[in-house]
Amino acid sequence: MSLYAIGDLHLHFQSPLKAKAQMKEQVWKNHEEKFKKTCAALLREDDTLVLVGDHSWGRSLAECEEDFLYIAELPGRKILIRGNHDMFWDVNKTARLNELFAGKLAFMQNNYYAYRDYALVGTKGHTFEGPFYLDRRGRIIGWDEKAEEHAKKLVERELERLRCSFEAARADGYRKYVMFLHYPPTNILEEDSAFTRMAEEYGAAQVIYAHCHGETRFHDSIEGEKNGIMYRLVSGDYLQWLPLKILD
Ligand SMILES: [Fe+2]
Ligand SMILES: [Fe+2]
């Protein structure tokens with residue numbers, strides 16, 4: 001029994017044109033086939049796979065049907081968190097998604113899932129990604145302050161959801177946590193953030209995140225151990241479609 005994670009599958013069985021325009025690098029070529037093969041070789045039925053957001057290009061549940069079918073057929077238990085592209089996921093209706101896909105897929109938002117004596121907690125998160133203003137050498141000399149103000153509001157909302165997830169687990173007696181975010185815990189300007197501070201407050205063992213894809217973005221945030229917490233990027237193209245083992 002093991003816990004694995006990967007993010008940013010960006011499936012597109014029903015919306016191929018958009019994906020074609022956005023994913024031009026070689027690593028995205030037939031990526032669904034590659035991922036299916038690595039999962040079949042790696043995962044067993046008693047394993048858990050957390051999918052860390054950006055599951056589908058579909059804009060509604062109806063446009064994601066084939067993508068969900070593909071995910072449901074992967075081996076083991078599948079837990080999903082919300083990514084910024086997951087338009088099918090009405091944040092106020094996560095319970096409804098859990099009803100619809102009961103026994104096939106589990107959706108994490110304001111709730112938690114148990115893995116051994118750990119609670120898996122998480123939310124989409126948010127980081128301010130600019131626009132940044134650069135000088136001639138490419139150094140950041142400023143940014144769009146209006147966009148930054150808006151980002152602060154989104155961060156506050158996501159922090160509430162994350163706390164809700166931690167508190168639900170704590171109320172049930174859990175004291176060990178793995179925290180999942182779709183967005184990186186910090187942006188390229190930050191050393192720490194409200195998300196890293198919350199991870200430290202609850203004593204999370206690991207923080208797992210995705211969203212950073214394309215080689216230029218792989219090192220946008222924290223990697224490795226910091227203040228006793230292990231930070232790991234699991235976006236699919238970074239992992240070359242091989243899920244990362246998080247816990248035995
Ligand atoms: Fe993505
Ligand atoms: Fe994303």
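Two strands count as paired here if DSSP finds at least two bridges between them. With that in hand, here's a quick tour of this predicted model. In β12, for instance, Arg-232 is the bridge partner of Ile-208, and β10 and β12 are joined by 4 bridges and run parallel. The rest of the briefing looks at helix α6, its neighbours, helix α5, and a separate look at an open sheet.

**Helix α6**
- Helix α6 covers residues 194-202, and its buried residues are Phe-195, Thr-196, Ala-199 and Tyr-202.
- Look down the axis of α6 and those buried residues fall within an arc of 135°, so they line one face of the helix.
- The general rule behind this kind of pattern is that an α-helix has 3.6 residues a turn, so residues three or four places apart point the same way.
- Flip to the other side of α6 and you'll find Arg-197 and Glu-201 exposed.
- The buried residues of α6 pack against a helix, α5 (145-171), and against the strands β9 (176-181), β10 (206-209) and β12 (229-233).
- Right after α6 comes Gly-203, which has a positive phi, near 70°.

**Strands around α6**
- β9, α6 and β10 together make a β-α-β unit, and it's right-handed.
- The two strands of that unit, β9 and β10, pair with each other in the parallel sense, over 4 bridges.
- If you want a landmark in that pairing, Leu-181 stands opposite Tyr-209 in β10.

**Helix α5**
- α5 has 27 residues, which at 1.5 Å a residue should span 39 Å; its end C-alpha atoms are 39 Å apart, so the two agree.
- Buried residues in α5 are Glu-158, Leu-162, Ser-165, Phe-166 and Ala-169.
- The cover over those buried residues includes β6 (118-123), β9 and α6.
- α5 is followed by Gly-173, where phi is again positive, near 95°.

**The open sheet**
- Another set of 5 strands forms an open sheet, in the order β4-β3-β2-β1-β13, with mixed pairing.
- At its edges sit β4 (106-107) and β13 (244-247), each pairing on one side only.
- β1 (residues 3-6) and β13 run antiparallel and are joined by 3 bridges.
- To find that pairing in the structure, start from Leu-3, whose bridge partner in β13 is Leu-247.

Methods. Residues are numbered from 1 along each chain as its sequence is written. Chains are lettered from A and ligands numbered from 1 in the order in which they are written. This is a predicted model: local features need pLDDT of at least 70, side-chain atom pairs count only at pLDDT 80 or more; totals for chains, interfaces and linings use all residues. A residue is buried if 20 or more other C-beta atoms lie within 10 Å of its own, exposed if 12 or fewer, and partly exposed in between; C-beta atoms are placed from the backbone. The arc is that of the directions from the helix axis to the C-beta atoms. Two residues are in contact if their C-beta atoms, placed from the backbone, lie within 7 Å. The expected span of a helix is 1.5 Å times one less than its number of residues. A crossover is right-handed if, with the strands pointing away from the viewer, the path from the first strand over the helix to the second runs clockwise.
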